[in-house]
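Me: I've got a model open here and would like to talk through its strands and rings. Could you take a look with me?

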Amino acid sequence: MPFPRQGGKGAQRLLLLVLLLAAWKTGSGQVHYSVPEEAKHGTFVGRIAQDLGLELAELVPRLFRVVSKGRGDLLEVNLQNGILFVNSRIDREELCGLNLECSIHLEVIVDRPLQVFHVEVEVKDINDNPPVFRGREQRLFIPESRLVDSHFPIEGAADADIGTNALITYTLSPSDYFSLDVQASDELSKSLSLELRKSLDREETPELRLLLTATDGGKPELEGTVQLLITVLDVNDNAPLFAQAVYRIHLLETTANGTLVTTLNASDADEGVNGEIVFSFVSDVPLNIQKNFKIDSSSGEIRLIGRLDYEETKSYEIHVKAVDKGSPPMSNHCKVLVKVLDVNDNAPQLAVTSLSLPVREDTPLSTVIAFVSVSDRDSGVNGQVTCSLTPHIPFKLVSTFKNYYSLVLDSALDRESVSDYALVVTARDGGSPSLSATASVSVEVADVNDNAPAFAQAEYTVFVKENNPPGCHIFTVSARDADAQENALVSYSLVERRVGERALSSYVSVHAESGKVYALQPLDHEELELLQFQVSARDAGVPPLGSNVTLQVFVLDENDNAPALLPLPGAGGAGGAVSELVWRSVGAGHVVAKVRAVDADSGYNAWLSYELQPAAGGARSPFRVALYTGEISTTRSLDEADSPRQRLLVLVRDHGEPALTATATVLLSLVESGQAPKASSRVLAGAAGAETALVDVNVYLIIAICAVSSLLVLTLLLYVALRCSAPPSEGACGPAGKPTLVCSSAVGSWSYSQQRRQRVCSGEGPPKTDLMAFSPSLPQVPGSADERQQPSESEHLGKVSLFHRF
């Protein structure tokens, strides 16, 4: 703002003073307002929201609130416009008494994030109290013998205001005899006395009435009056005289009762009773002086009878009157200033406010958790307080303002390691010995979803028999989450994929809560030997976390497929029966036919045996069937008694539990050597073929063993190469098997490969080919000479059986 040229230096100094004051307020960390006392309700104090840098729209959402210690609701804030206003009557004298500084300290607290501001509202004094004298009149007894310029103390007035409003000036009504003498001191109140300007004459003027007026320095000025009634005495013209006008005493606030404070010394120039002095406190002595001190009327000793407290009263000004026993009595006054010295008798006080609990475990460092305020009623080093925190990790105390601290996060939290902290804040003053106070703060750590569900194993192997009922429970997966509450609630689901042409969810399902895995349909070992899939475990946190586990479900074979008969090439017969021509001249042990069968099962369930059903009527048949090869041969030489048409029933049985069977019908026609040349040729050819087949079986057996060994080595090498080089292809299934090849010998018939697909489906690689060899324990079955003559074939087939899985 522009300033006039006249008084330019004064304006510059004023501007500099304003700038320095603004800089001090900014650095002090608090907002300062002022308001006059006795202001009306609604009086504007300041735009507190604007001065604190807060938007009006965020006052309500951030829970804007004002806290005043012990000041009631003198001030209030309008949350609509952010204005601090006077809510109720403010009386500075009631709040602060005679203290020169009078302020209302406010704490403004807002949340999200938590902040605290310190606001100081200075209550300015107005001149609302006039000077007041103790009584309506004061009586003085002055002997007529008193000399001119003598002084007679009188009691002054008191003003409850402060500053210029309490600066009292006195005026005395006009008088020929007296004038008013006022003595001022920096430490003491004004001393008033009447100064005698003219000698008194009791005979002329036995009594005087003067009016003493006290006027304060306020605007407008207020005043009070008292009548001075002066009685002129004729005798005892010497008043007591104190050795000192002011006695200064220092006492510790812990001084014991009965301690001598001081001894007053006064003398009177008169003789006799006029010189005998009686000491006493003045009539208007304050109540706190009467409670704490007493004076011996004859000796003038002042002793302590109460308890001193520096925090309540720092000094006492005692007015003592010395009165002689003359008639009329004469008196004089002195002052005793007792200053109380502070000792460290008050422990610090702690207050923990605005707790932000519980604290999330992902709370960033330096976040304010709580505010700590300390105070000590002592002064000096006795009132200097330092705060400490136990334990130091993971929190620390940061000083934010005088006697104010913030409890902040100093290192990362982990609820799974420590779920709550018991902190102890200790405040210790600087006295000797020092005093301390403690406050306990319990900080609970709130859980954050930072742990994914974990399975005990990365992979589980499950064995399930085929033909299980739909909805059968086959396994239970379980994952544990280290978090708490909803963050630890685990739900399970399938990782969906394709299994061949069908979805994985058409085979199995998993219960979302219990983790139980169910087979939704009967599993078929012949269709699917291995089902590999993943189950996902996911918690209910935000955002959710999850992990997977792999399940390998092996479908175990059940004996659910009966043996199937294979047609013989070139064999005639209707209705599936085998028709053969047999010469009557053949000898015992001659192979006349062979029954061929396969079983879709695997292992022992596919191991077939053959037996000949007894003929009707119990007749002994000249034919028998090999137990494991299905070859039908003669048991003896045929003769004329044998029926020309033989009907044989061969029962084919597997080794499952329970065993399944199939029946083959073989029709044999017995012919003479010279009959049916064509048929005989065919029979001869068939017999020769049978002999050749027996020889070829040995060759095929050796070739098969060698091929299987080579194939095993090649498969292992190929498997290693694929695992190391090729990425896994999901949902692959093995190709179809080769056409049926039946290996047969004297010990049995075995399905090397069947006309179906053996599928091992998984989600982590190409189709698997496993070669397994096992040696079943075969019982010793009595047979023909032909069987006993072929031990090598029987031995080889008894030791090696092939189980080929695709």
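Me: Let's start with β8: in which sense do β8 and β14 pair, and over how many bridges?
Reply: Sure, bearing in mind that this is a predicted model. One bridge joins Leu140 to Ile230 in β14. Strand β14 covers residues 223–233, and its pairing with β8 is parallel, over 7 bridges.

Me: Which strands stand at the edges of that open sheet?
Reply: The order runs β8-β14-β13-β10, with mixed pairing. Each edge strand has a single partner, so one side of it is left without a neighbour in the sheet. That goes for β8 (137–143) and β10 (169–172).

Me: On to the rings: what kind of aromatic pair do Phe293 and Tyr316 form?
Reply: Phe293 is buried at 2% relative accessible area, and Tyr316 is buried too, at 4%. Phe293 belongs to β20 and Tyr316 to β22, so their pair ties together parts 23 residues apart in sequence. The centres are 5.2 Å apart, and planes over 60 degrees apart count as edge-to-face. With 75° between the planes, this pair is edge-to-face.

Me: Is Tyr604 buried or partly exposed?
Reply: Tyr604 is in a ring cluster with Trp607 and Tyr628. Its partner Trp607 is buried, at 6%. Buried means under 20% and exposed over 50%, so Tyr604, at 42%, counts as partly exposed.

Me: Last one: which ring does the charged end of Lys314 sit over?
Reply: A Lys charge counts as over a ring when its NZ is within 6 Å of the centre, given a suitable angle. For Lys314 the distance is 5.1 Å, and the ring is that of Tyr310.

Conventions. Residues numbered from 1 in each chain as written. Predicted model: local features only at pLDDT ≥ 70, side-chain atom pairs only at ≥ 80, totals over all residues. Heavy atoms only, no water. Pairing = 2+ DSSP bridges. Helix = DSSP H or I, 4+ residues; strand = E, 2+ residues; numbered from the N terminus. Phe/Tyr/Trp six-rings, centres within 6.5 Å; stacked < 30°, edge-to-face > 60°. Buried < 20%, exposed > 50% of the residue type's maximum accessible area, 1.4 Å probe, protein only. Lys NZ or Arg CZ within 6 Å of the ring centre and 35° of its normal.
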